[in-house]
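Reader: I should be grateful for a close look at a single part of this structure, namely the surroundings of the ligand. Please set that part in the context of the whole chain.

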Amino acid sequence: MRQGRLTTNQKDALSNAHENKFAHYQEIVSTRKNRQAILEIGFGDGRALLQQAIANPDIDFIGVEVYPPGVGQLLCQCLLHNVKNLFVFHGDVESLLAQTILPTWSRVQIYFPDPWHKKRHKKRRLISEPFIKQLEMILSRDSQLHILTDWDDYADHIELVMSASKKFKKKAQNPKLEREKTKYELRALKLGHKIHEFLYVID
Ligand SMILES: C[S@@+](CC[C@H](N)C(=O)[O-])C[C@H]1O[C@@H](n2cnc3c(N)ncnc32)[C@H](O)[C@@H]1O
């Protein structure tokens, strides 16, 4: 796992910034029952997620990321902008989903999951039948799954895995949901890559 170098501000935010951590969300979840909750898996530097949270103060956003500088950066930005509806889980999504206190998610966002393009690494891809089954268990009717990738081969893989799901139905290909472009996406666009966008919904 990449560790990366942390700035002093990022280190401080990782140790403090309690109000923007998922542990805090678990403490206050009973007070937020009437709010939608959106999960983003692998938010990278978190800039796009931060903008989404600022633009939608009535929705709670939970971001999960393994990369420490990304987590530190987003926590710093939450403090700087006094954002109260964004909560960060530092770790693997598997550890987050194993938590006993979880909200009812209205949407799961997976933007540019690591492509693992070498044939021998493909089994490491996040989108897999077991993972989709796990999502099916924690999501309820009408919950959405929004996925973006710039890898044609990963897009084919997503179609294949999702077509095996009995619960997710494809709502749209290229639904063009209003959102900020992510860091990875801007780089992909500069390289001339096509962006594949998928929206599924639990039936
Ligand atoms: C290709 S990057 C895309 C980052 C960001 N979504 C963007 O579009 O700029 C994939 C990100 O997913 C994170 N990631 C990979 N596997 C993960 C996991 N199991 N749990 C949480 N984050 C994960 C990586 O650390 C990385 O930051």
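By class, how many nonpolar, polar and charged residues does the shell around the ligand have?

Author: The model is a predicted one, and the description below should be read accordingly. By class, eleven residues of the shell around the ligand are nonpolar, four are polar and five are charged. Of the 20 residues around the ligand, those that come nearest are Gly 42, Gly 44, Phe 112, Thr 182 and Tyr 184.

Turning to secondary structure, helix α8 (183-190) gives the largest share of the shell, three residues. Strand β2 (59-65) and helix α8 each supply at least two residues of the shell. The chain as a whole has eight helices and seven strands.

The position of the ligand shell follows from the domain assignment, which gives domain 1 (1-103) and domain 2 (115-203). Because both domains give residues to the shell around the ligand, the shell lies between them.

The two domains also touch one another. Their centres, taken over C-alpha atoms, are separated by 21 Å. Eight residues from domain 1 and eight residues from domain 2 take part in the contact. On the side of domain 1 that touches domain 2, helix α3 (residues 47-55) contributes the largest share, four residues. By class, that side of domain 1 has three nonpolar, three polar and two charged residues.

The largest nonpolar core can be described in a similar way. Of its 40 residues, Leu 49, Ile 62, Leu 74, Leu 75, Leu 86 and Val 108 touch the most other members. Helix α4 (residues 68-80) gives the largest share of this core, five residues. Domain 1 and domain 2 both give residues to this core, so the core, too, lies between them. Leu 49 may serve as an example: leaving aside residues up to four places away in sequence, Leu 49 touches Glu 40, Phe 43, Phe 61, Gly 63, Leu 74 and Leu 86. Of these contacts of Leu 49, Leu 74 and Leu 86 are also among the core residues that touch the most other members.

The overall dimensions complete the setting. The C-alpha atoms of the protein chain fill a box of roughly 40 × 35 × 30 Å along the principal axes. A compact globule with 203 residues would have a radius of gyration near 17 Å, and the 16 Å of the protein chain agrees with this. Of the 203 residues, 32% count as buried. Among contacts between residues at least 6 apart in sequence, 80% join residues at least 24 apart.

Methods
Residues numbered from 1 in each chain as written. Predicted model: local features only at pLDDT ≥ 70, side-chain atom pairs only at ≥ 80, totals over all residues. Domains from an automatic or database assignment. Contact = placed C-beta atoms within 7 Å. Nonpolar A, V, L, I, M, F, W, Y, C, P; charged D, E, K, R; others polar. Rg over C-alpha atoms; globule rule 2.2 N^0.38 Å. Buried ≥ 20, exposed ≤ 12 C-beta atoms within 10 Å, placed from the backbone. Near = placed C-beta within 6 Å. Core = buried A, V, L, I, M, F, W, Y, C linked by C-beta atoms within 7 Å.
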